[in-house]
Amino acid sequence: MAASSLILVHNHPSGDTTFSRADIDMTREIIDARIPFEIEVHEHLTAGMGCVTSFRSAGLI
């Protein structure tokens with residue numbers, strides 16, 4: 001069995017779902033690392049106090 005795609009999700013305990021520089025950098029590293037495996041990264045979501053923010057909607061994927 002093999003994965004063909006990923007959806008990344010993590011929480012921000014502070015409740016502020018604004019992407020940090022570290023969030024953006026790590027997402028880029030994951031996207032770059034998956035290339036040889038032909039795995040698609042569909043989304044990365046950050047969750048906080050009743051809010052979810054999308055990397056795809058922000059144009060970061």
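Two strands are taken as paired if DSSP finds at least two bridges between them. The model shown in these views is predicted.

**Figure 1. The hairpin of β2 and β3 in the predicted model.** Gly48 of the chain stands opposite Cys51, a residue of β3. Strand β2 covers residues 40–48 and strand β3 covers residues 51–54; the two run antiparallel and are joined by four bridges. Further along the pairing, Thr46 has Thr53 in β3 as its bridge partner, and Leu45 stands opposite Ser54 in β3. Two residues lie between the strands of this hairpin, and Gly50 adopts a positive phi near 70 degrees.

**Figure 2. The open sheet and its edges.** The sheet is built from three strands in the order β1-β2-β3, is open, and has mixed pairing. Strands β1 and β3 occupy the edges with a single partner strand each, so one side of each has no neighbour in the sheet. From one strand to the next, the twist averages 25 degrees. Strand β1, residues 5–11, runs parallel to β2 and is joined to it by seven bridges. One of the positions in this pairing is Ser5, whose bridge partner in β2 is Glu40. The antiparallel part of the sheet is the pairing of β2 with β3.

**Figure 3. Helix α1 and the crossover between the parallel strands.** The chain holds one helix and three strands, arranged along the sequence in the pattern β-α-β-β. Helix α1 spans residues 21–33 and, together with β1 and β2, makes a right-handed β-α-β unit. The helix lies across β1 and β2, and the angle at which it runs to β2 is about 155 degrees. Ile35 belongs to the loop between α1 and β2. With a relative accessible area of 48%, Ile35 is partly exposed, because the partly exposed class extends from 20% to 50%. Between Ile35 and Val9 the C-alpha to C-alpha separation is 19 Å in space, and the two residues are 26 apart in sequence.

**Figure 4. The surroundings of Thr46.** Thr46 is located in strand β2. The relative accessible area of Thr46 is 0%, so this residue is buried. A polar atom of the Thr46 side chain lies 2.9 Å from the backbone oxygen of Thr17. When neighbours within four places in sequence are left aside, the residues in contact with Thr46 include His10, His12, Thr17, Phe19 and Asp23. Also among the contacts of Thr46 are Cys51, Val52, Thr53 and Phe55. Of these, Thr53 is the bridge partner of Thr46 in β3.

**Figure 5. The aromatic pair of Phe19 and Phe55.** One aromatic pair is found in a search of the whole structure. The ring centres of Phe19 and Phe55 are 4.0 Å apart and the ring planes stand at 50 degrees, so the pair is classed as tilted. The pair links distant parts of the chain, with Phe19 in the loop between β1 and α1, Phe55 in the segment after β3, and 36 residues from one to the other. Both Phe19 and Phe55 are buried. Each of the two is also in contact with Thr46.

**Figure 6. Cys51 at the start of β3.** Cys51 lies in strand β3, which covers residues 51–54. The relative accessibility of Cys51 is 35%, and the residue therefore counts as partly exposed. Leaving out residues up to four places away in sequence, Cys51 touches Thr17 and Thr46. Asp16 is 35 residues from Cys51 along the chain, and their C-alpha atoms are separated by 8.4 Å. Across the hairpin, Cys51 faces Gly48.

**Figure 7. The chain as a whole, for context.** Along the principal axes, the C-alpha atoms fill a box of roughly 35 × 25 × 20 Å. The chain has 61 residues, of which 25% are buried. Thr46 is one of the buried residues, as are Phe19 and Phe55. Of the contacts between residues at least 6 apart in sequence, 62% join residues at least 24 apart.

How values were computed. Residues numbered from 1 in each chain as written. Predicted model: local features only at pLDDT ≥ 70, side-chain atom pairs only at ≥ 80, totals over all residues. Heavy atoms only, no water. Right-handed = clockwise from strand over helix to strand, strands pointing away. Axes fitted to C-alpha atoms, helices over the stretch in contact; angles between N-to-C directions. Contact = heavy atoms within 4.5 Å. Buried < 20%, exposed > 50% of the residue type's maximum accessible area, 1.4 Å probe, protein only. Polar contact = N/O pair within 3.5 Å; in protein donor to acceptor, adjacent residues only side chain to side chain. Phe/Tyr/Trp six-rings, centres within 6.5 Å; stacked < 30°, edge-to-face > 60°.
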